[in-house]
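Please open the model in your viewer and keep the selection panel at hand. The tour below moves from one selection to the next and says what is found at each.

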Amino acid sequence: MLKKAGIIEHNLESELILMHILNWEKAVLISNLNRNLNNNEISKNNKIIDKRIKRIPLPYILNKIHFFGIPFYINKNVLIPRQETELIIEITKKLAVEQQYSDFKILEIGSGSGIISIALAKELNNKKIEYILTDISGKALEVSLKNIAQLNKNKNTFHIIKTNLGNGIKGTYKFIISNPPYLSKKQMDHLSPELQSEPRNALYGGKNGYELSLELLLETKQKQIKFEYIILEINSEAYLEFFNQVNIIFKKQNIYLIKDYTKNYRFIIVSTKNIDKKLNEYSYLRN
Ligand SMILES: C[S@@+](CC[C@H](N)C(=O)[O-])C[C@H]1O[C@@H](n2cnc3c(N)ncnc32)[C@H](O)[C@@H]1O
C-alpha cells in the first residue's frame, strides 16, 4: 500500500512501522520474520498506513524520530530533524572539546524540538555548559521541554525562551548555533506533500532563503552579543551569495563554509579566531 501511494522508502517505512507496533529493534524484527501479527497489531498497523498514504510524514504519525542515535519525541509543531544537521553536533563538539574552559554557555536560536542542544549536552557531558534554547514558536518549545524532561539524563542546565531571533538576549556565549528556516520562495512553491505538513515557519527563510539568517547575524552584531563561534546550517543552493553577505557583516572575523557528507556547502562558521587547523578534516572554503 505504501508503494502504491508513491512512498519512496516504502520498505524502510514498513519496517519502522512494524518495529514501532511490536516495540522491537531491527535485529529482532529480522530474526522473527515468520511471526504473525495478532488482530490488535493488525489494527494498529492499518491505522498508521491509512495516515501515511495521506502523505503525513511517518515521524509525525509515530511521534518519534532518532537523531544522533537518540530517540526524540516530535509532533507536527516542529521540523522533522534531518540527518545532515547531525554534522552541527560533530563540528560544535570538535571546537568545544578543545576549549580550555569547561564552564560556558551555548545559545541556540530556532531550537524546535531541541535535538541539537540535547544531543550536544549528551556529547559534552564532562563540561559544565548552560544551554539557552530559543524559538518563536511556543508549541515547538513545549516539544523541546518534553524532550529535555525525558532525555536530559546528565542534568545539564537548560533555559527555554520564547523570542523572535535574539530579541532580549544579552551576554556572552561561547557558541551561538542555529538551524534556521532557510528555504527560498521558489523552493516553498515546490514542496512535496510531506514537506507541506511541516510548520511553514520552520521552513521559509525569506525570498532567497537566507534573509532570516542574515537578520539573525545582523542582530547578533548590533546587540553586541559576544561570541566565539556562530555556527549556522545554510541553504546549499544560495551559499555563495550568503557567504558574501556574511563577509560584509563580519569583516574582521574568520568565516568558513563547510560541506556536508553529500558534498554540498551546508554550514557557515563565523569565528573570532583562525580555526583552519581544527577544521582540516572537513572540506571547507574560507575568506
Ligand atoms: C529549521 S527549524 C530547526 C529546528 C531544530 N533546531 C532542528 O534542527 O530540527 C527552525 C526553527 O526556527 C524557528 N523560527 C522561525 N522563525 C524564527 C524567529 N524569527 N525567531 C526564532 N525562531 C524562529 C521555527 O519555529 C523552527 O522551530
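The stops that follow take in the domains, the sheet, the helices on the sheet and the ligand.

Before selecting anything, bear in mind that this is a predicted model. Begin by colouring residues 10-54 as domain 1 and residues 77-286 as domain 2, the two parts into which the protein is divided; the C-alpha centres of these two domains lie 35 Å apart.

Next, display the strands of the open sheet, of which there are eight, and follow them across in the order β5-β4-β3-β6-β7-β9-β8-β10, noting that the pairing is mixed. At the edges you will find β5 (157-162) and β10 (284-286), each of which pairs on one side only. From one strand to the next, the twist averages 20°.

Now select residues 103-109 and 172-178, which are strands β3 and β6; the two run parallel and are joined by four bridges. Within this pair, look for L107, which stands opposite I176 in β6.

Add helix α5 (residues 86-97), which lies across β6, β7 (226-233), β8 (254-259) and β9 (265-271), and runs at about 155° to β7. Then add helix α11 (residues 239-249), which also packs on the sheet, where it touches β8 and β9, its direction making about 165° with that of β8.

Finally, select the ligand together with the 22 residues around it, among which G110, G112, I136, N179 and A202 come nearest. If you colour this shell by class, twelve of its residues are nonpolar, nine are polar and one is charged.

Conventions:
Residues numbered from 1 in each chain as written. Predicted model: local features only at pLDDT ≥ 70, side-chain atom pairs only at ≥ 80, totals over all residues. Near = placed C-beta within 6 Å. Nonpolar A, V, L, I, M, F, W, Y, C, P; charged D, E, K, R; others polar. Domains from an automatic or database assignment. Pairing = 2+ DSSP bridges. Axes fitted to C-alpha atoms, helices over the stretch in contact; angles between N-to-C directions. Contact = placed C-beta atoms within 7 Å.
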